[in-house]
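Trainee: I am new to this one. Please show it to me, and then I will ask about it.

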Amino acid sequence: MDTFDEVLTWLKSHRPFGIKPGLERVEHLLAALDHPERRLLSVHIGGTNGKGSTLTYVQSILQASGLTVGTFTSPYIIQFEERISVNGTPIPREDFISAARAVRPHAVALENTEWGPPTEFEILTVIANWYFAKIAVPDIVLWEVGLGGRLDSTNVIQPMLSAITNVGKDHMHILGSEITDIAKEKAGIIKPAVPMITACQDPEASTIIRARAVEMRAPYYALREHFELIDGSMDEDGGTFSVRTPFHCYQNLRVFLRGEHQLKNGALAVMIADYLRVYRSFPIDEQLLAEGLAKAFWPGRLEKVQASPLVLMDGAHNPEGIEHLARYLAEVYPDRTLHILTAFTKEKDPSTLFAPLLSLAPASFITTTFSHPRAADPRHVSPDTEVFDDWEKGYNELIKRAKANDIIVFAGSLYFISDVRQNFYEKNAGK
């Protein structure tokens, strides 16, 4: 493989293998590469919603503190390489090629084993470990769980700290239909004696996470028990809050990610950073922490991309995410006319997903599709919505309908938001 396009073609050839939960293939590949994951200081972040936002907050705090921070996230919003980044800069293509070359012979050798060929995500996980350990060598790496936790390919790392944002009903066709089943999968990232921090508020899920921490003899910190979100207030462009940890009280913090849920994500990030400050001697002080939080930006999460009519893009793709979006719209824009354009993957249940948004009585509700093998056919989604097979045509129709004070909301799969956002900025640049 001599070019980046050739690497992408090779990776995409593993896409048909889909999602194959299990760690054997990744463990085999890492062992063949002399265990690069063992050379990294890592933090592992799982949960149903808020993983990416929490990771972004922690990353921004650490960068503001002068540290070099590697991140592994999914899916991408702007460009494929951003999934593996250092200080927010995607892996250089020449380094991506080098890492892929190192991994490929071992991935090919797996094809004739009892485990079969690795998936695209598994290969990416190994490429990230190799790149961080061999080339980038950051001070710390933040890993976002891809799906679940226990059998997710990122669970091969050996973190110094783990975190779970929350537990909700998503990917139930893989993780189970009950909150307790999903919580067991999420709690699978808890390692022996490795501290665990969680913002989970669901009673059943919290009980399971706590029990797993006790079983693993992992120090355990929970929101409202060991650290606290204080005086949170939300506005159109973000929120202000304070956080009391077991070690310090951080007052009047500001974030510019929208939605009340971002205050909780911010509190979790503060607790993670404070733990690293106290127990790992990371050079974080109160001013740097506040600066880092205020600088954090995560595209496609209630992102404002146009002022008049107001256009928001939000990767709300499961019941909890849709509820957060609906709550934000109801609280911040109670008297504004809404127009919604949405697309989801096949495994979602539209009747459950759409209810919070439909309860807002939007003037328009359009379902559409996007370029991805898992994209749902909008004609089979819901009888209560308009259908456009092309999202651009749907958006153009909404532009005709919307008045200057109206709000247009793109919502749904992050794959959909990625397509829309890229296209939107290309066509609206300079306008």
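Trainee: What radius of gyration does the protein chain have, and what would a compact globule have?

Mentor: This is a predicted model, in which local features need pLDDT of at least 70 and side-chain atom pairs count only at pLDDT 80 or more, while totals for chains, interfaces and linings use all residues. Residues are numbered from 1 along each chain as its sequence is written, and side-chain values use heavy atoms, without hydrogens and water. The radius is taken over C-alpha atoms, and the globule rule is 2.2 Å times the number of residues to the power 0.38. For 431 residues the rule gives a value near 22 Å, so it agrees with the chain's 21 Å.

Trainee: What share of the residues count as buried?

Mentor: Buried means under 20% relative accessible area (1.4 Å probe, protein chains only). Of the 431 residues, the share that meets this is 58%.

Trainee: Which are the edge strands of the open sheet of 8 strands?

Mentor: Strands are DSSP E runs of at least two residues, numbered from the N terminus, and two of them pair if DSSP finds at least two bridges between them. The order is β4-β3-β2-β5-β1-β6-β7-β8, with mixed pairing. Pairing on one side only marks the edge strands, β4 (89-90) and β8 (220-222).

Trainee: Which residue in β5 stands opposite Thr71?

Mentor: Strand β2 covers residues 69-72 and strand β5 residues 140-144; they pair in the parallel sense over 4 bridges. Opposite Thr71, in β5, stands Leu142.

Methods
Buried means under 20% relative accessible area, exposed over 50%, partly exposed in between (1.4 Å probe, protein chains only).
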